[in-house]
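Please report on how the strands and helices of this model fit together. Keep it brief, and define the terms as they come up.

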Amino acid sequence: MNFETTSVLLEALKPYIENSVVDISTDNKDWRNQNYKSDLVTIDAENNIGFEVFDNEIIAFYFTNHYHFEDYTSELQNGQDNYIERAKSFLKELFENKIRHVEHYKGQSLSSEKYFIMYQDGQEDECISSTWFGLSKFINPFGKKSIHSTIWQFDKSKGVFTSRPPKNTDPNAIEVIDISEDCYIEIFENHNVYTYVIMEMAFDDYMGKYYYYWTPAINTVSSGFYDTKDKAISSALEALKCRENPC
């Protein structure tokens, strides 16, 4: 790597990206195909997540946008600006919190977009970028307005960002059985009596907000009480089978 700063940022993100396919490029070219010195770190290539380190600047990029962190130390009288710490804090917030991407359309054309960090502790969502596309393309001023909102979050187990929330299994479950990416079964036990819950992925597009969430499966037979774990599992699998092929 060209810069020690790159190692500092990767070390800060280490708890999150242990399952990510991290690519580091030190031989980079600009839009004129000219070589320049930087460390380009891609953490989630499909969603354009990562950062690039220069001699006195860091660019954090995410989805369709990016954020610059520059060294202003020489311009400050107290000389206490730390752009590396600011970049580190920003990147960690991306991985720790949900990201809401709001797109505004006029007709079929994207007219503007915003990104918000959705804090977990009740803080108000923070807008981290806002882009208007009116200067870069023609937008029909009479087009019908619509809004598309997507919520992203980092899935540590897969090492990528996803709009589908990771499985959030009940810690009281004695066993979790994965049926597919959209469905799993939780088995519970209490005083040698066994029950199950079938969870599945659902989708909501209410008022222009598009998001996935986990919920108890619909159109399935409710769990009974069973004297063995195997009977509870068998009954849950039968409930799913009957839903697909009505008994």
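Gln-153 stands opposite Thr-162 in strand β12. Three bridges join β11 (residues 145-155) to β12 (residues 160-162), and the two run antiparallel. Strands here are DSSP runs of E with at least two residues, helices are runs of H or I with at least four residues, and both are numbered from the N terminus. Two strands pair if DSSP finds at least two bridges between them. The hairpin of β11 and β12 has four residues between the strands, and Gly-159 takes a positive phi near 75 degrees there.

This is a predicted model: local features need pLDDT of at least 70, side-chain atom pairs count only at pLDDT 80 or more, and totals for chains, interfaces and linings use all residues. Residues are numbered from 1 along each chain as its sequence is written, and side-chain values use heavy atoms, with hydrogens and water left out.

**Strand pairs**

The table lists antiparallel pairs.

| Pair | Bridges | Opposed residues |
|---|---|---|
| β8 (residues 98-106) and β9 | nine | Glu-103 and Glu-113 |
| β9 and β10 (residues 126-132) | six | Ile-117 and Glu-126 |
| β8 and β11 (residues 145-155) | eight | Val-102 and Ser-149 |

Two residues lie between the strands in the hairpin of β8 and β9, where Gly-107 takes a positive phi near 65 degrees. Is β9 enclosed or open? Eight of the ten residues of β9 (residues 109-118) are buried, so the strand is largely enclosed by the rest of the structure. Buried means under 20% relative accessible area, exposed over 50%, and partly exposed in between (1.4 Å probe, protein chains only).

**Helices**

Helix α1 (residues 4-13) and helix α2 (residues 83-96) have axes that come within 10 Å and cross at roughly 30 degrees. Axes are lines fitted to C-alpha atoms, for helices over the stretch in contact; angles run from 0 to 180 degrees between N-to-C directions. Contact means heavy atoms within 4.5 Å. On the α1 side, Thr-5, Val-8, Leu-9, Ala-12 and Leu-13 take part. They meet Ile-84, Ala-87, Lys-88, Leu-91, Lys-92 and Phe-95 of α2. The residues of this contact divide into eight nonpolar, one polar and two charged. Ala, Val, Leu, Ile, Met, Phe, Trp, Tyr, Cys and Pro count as nonpolar, Asp, Glu, Lys and Arg as charged, and the others, Gly among them, as polar.

In helix α3 (residues 229-244), the buried residues include Ala-232, Ile-233, Ala-236 and Leu-240. The buried residues of α3 pack against β13 (175-180), β14 (183-190) and β15 (193-204).

Definitions and conventions. The expected span of a helix is 1.5 Å times one less than its number of residues.
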